[in-house]
Amino acid sequence: MMPLVYAEIGKPQIIKKTGGSPEIKKHLEDLGFCVGSQVSVVSSLGENLIVKVKESRVAVSDELARKIMV
């Protein structure tokens with residue numbers, strides 16, 4: 001298990017758990033980052049990652065990506 005930040009670009013991953021405060025977990029869930037969902041990193045732009053989750057592309061900060069374990 002590793003943070004999403006370290007995932008290989010383009011390789012599909014399964015979310016194992018999310019961390020942080022209850023508010024952060026709820027925010028991630030609202031964006032589609034639920035345990036068991038498939039995600040893949042599309043690209044890395046500076047401090048942000050572009051991530052494909054549930055057929056959508058979402059930009060997440062480095063800090064948030066470290067709370068998503070795959």
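**A quick tour of a 70-residue protein**

For a protein of 70 residues, a compact globule would have a radius of gyration near 11 Å, and this one comes in at 10 Å, which agrees. Keep in mind that you're looking at a predicted model. The protein has 2 helices and 6 strands, and 4 of the strands form an open antiparallel sheet. Let's start with the whole chain, then walk through the sheet, and finish with a few single residues.

**The whole protein**

- Reading from the N terminus, you meet the elements in the order β-β-α-β-β-β-α-β.
- If you lay the C-alpha trace along its principal axes, it spans about 30 × 25 × 25 Å.
- How much of the protein is made up of buried residues? Buried residues account for 37% of the 70 residues.
- Now take the contacts between residues at least 6 apart in sequence: 53% of these join residues that are at least 24 apart.
- On the outside, the protein exposes about 4300 Å², with carbon and sulfur atoms supplying 51% of that area.
- There are 10 positive and 8 negative charges, and the mean positions of the two groups lie 6 Å apart.

**The sheet, strand by strand**

- In what order do the strands sit in the open sheet? The order is S1-S3-S4-S5, with antiparallel pairing.
- S1 and S5 (56-61) are at the edges and have a single partner strand each, so one side of each has no neighbour in the sheet.
- Start at the S1 edge: S1 (residues 13-14) is joined to S3 (residues 38-45) by 2 bridges, and the two strands run antiparallel.
- Within that pairing, Gln13 faces Val39 of S3.
- Next along, S3 pairs with S4 (residues 48-53) over 6 bridges, again in the antiparallel sense.
- Two places to look for that pairing are Leu45, whose bridge partner in S4 is Asn48, and Val39, which stands opposite Val53 in S4.
- That makes Val39 a handy landmark, since Gln13 stands opposite it and so does Val53 of S4.
- Finally, S4 is joined to S5 by 6 bridges, and these strands also run antiparallel.
- Here Val51 has Val58 of S5 as its bridge partner, while Asn48 is partnered with Ser61 of S5.
- Asn48 is another good landmark: it is the bridge partner of Leu45 and has Ser61 in S5 as a bridge partner too.

**Two hairpins and their turns**

- S3 and S4 make a hairpin with 2 residues between them, and Gly46 in the turn has a positive phi of about 60°.
- S4 and S5 make a hairpin as well, again with 2 residues between the strands.
- Most residues other than glycine have a negative phi.
- Lys54 isn't a glycine, yet its phi is positive, near 50°.
- Lys54 lies in the loop between S4 and S5, and with a relative accessibility of 54% it counts as exposed, because the cut-off is over 50%.
- Glu55 has a positive phi too, about 60°, and it isn't a glycine either.
- You'll find Glu55 in the loop between S4 and S5, where it is exposed with a relative accessible area of 72%.

**Two buried residues to find**

- Is Ser37 buried or exposed? At 11% relative accessibility, Ser37 counts as buried, because the cut-off is under 20%.
- Ser37 sits in the loop between helix H1 (22-31) and S3.
- Setting aside neighbours within four places in sequence, Ser37 is in contact with Gln13, Ile14, Ile15, Gly32 and Lys54.
- Two of these names have come up already: Gln13, which stands opposite Val39, and Lys54, from the loop between S4 and S5.
- Pro3 is placed in the segment before S1, and its relative accessibility of 18% makes it count as buried.
- Which residues does Pro3 touch, if you don't count those up to four places away in sequence? Pro3 touches Ala65, Arg66, Ile68, Met69 and Val70.
- Pro3 and Asp62 are 59 residues apart along the chain, and their C-alpha atoms are separated by 10.0 Å.

How values were computed
Residues numbered from 1 in each chain as written. Predicted model: local features only at pLDDT ≥ 70, side-chain atom pairs only at ≥ 80, totals over all residues. Heavy atoms only, no water. Pairing = 2+ DSSP bridges. Buried < 20%, exposed > 50% of the residue type's maximum accessible area, 1.4 Å probe, protein only. Contact = heavy atoms within 4.5 Å. Rg over C-alpha atoms; globule rule 2.2 N^0.38 Å. Areas by Shrake-Rupley, 256 points an atom, 1.4 Å probe, with all protein chains shown as cover. Lys, Arg positive; Asp, Glu negative; His and termini not counted. Charge placed at Lys NZ, Arg CZ, Asp CG, Glu CD.
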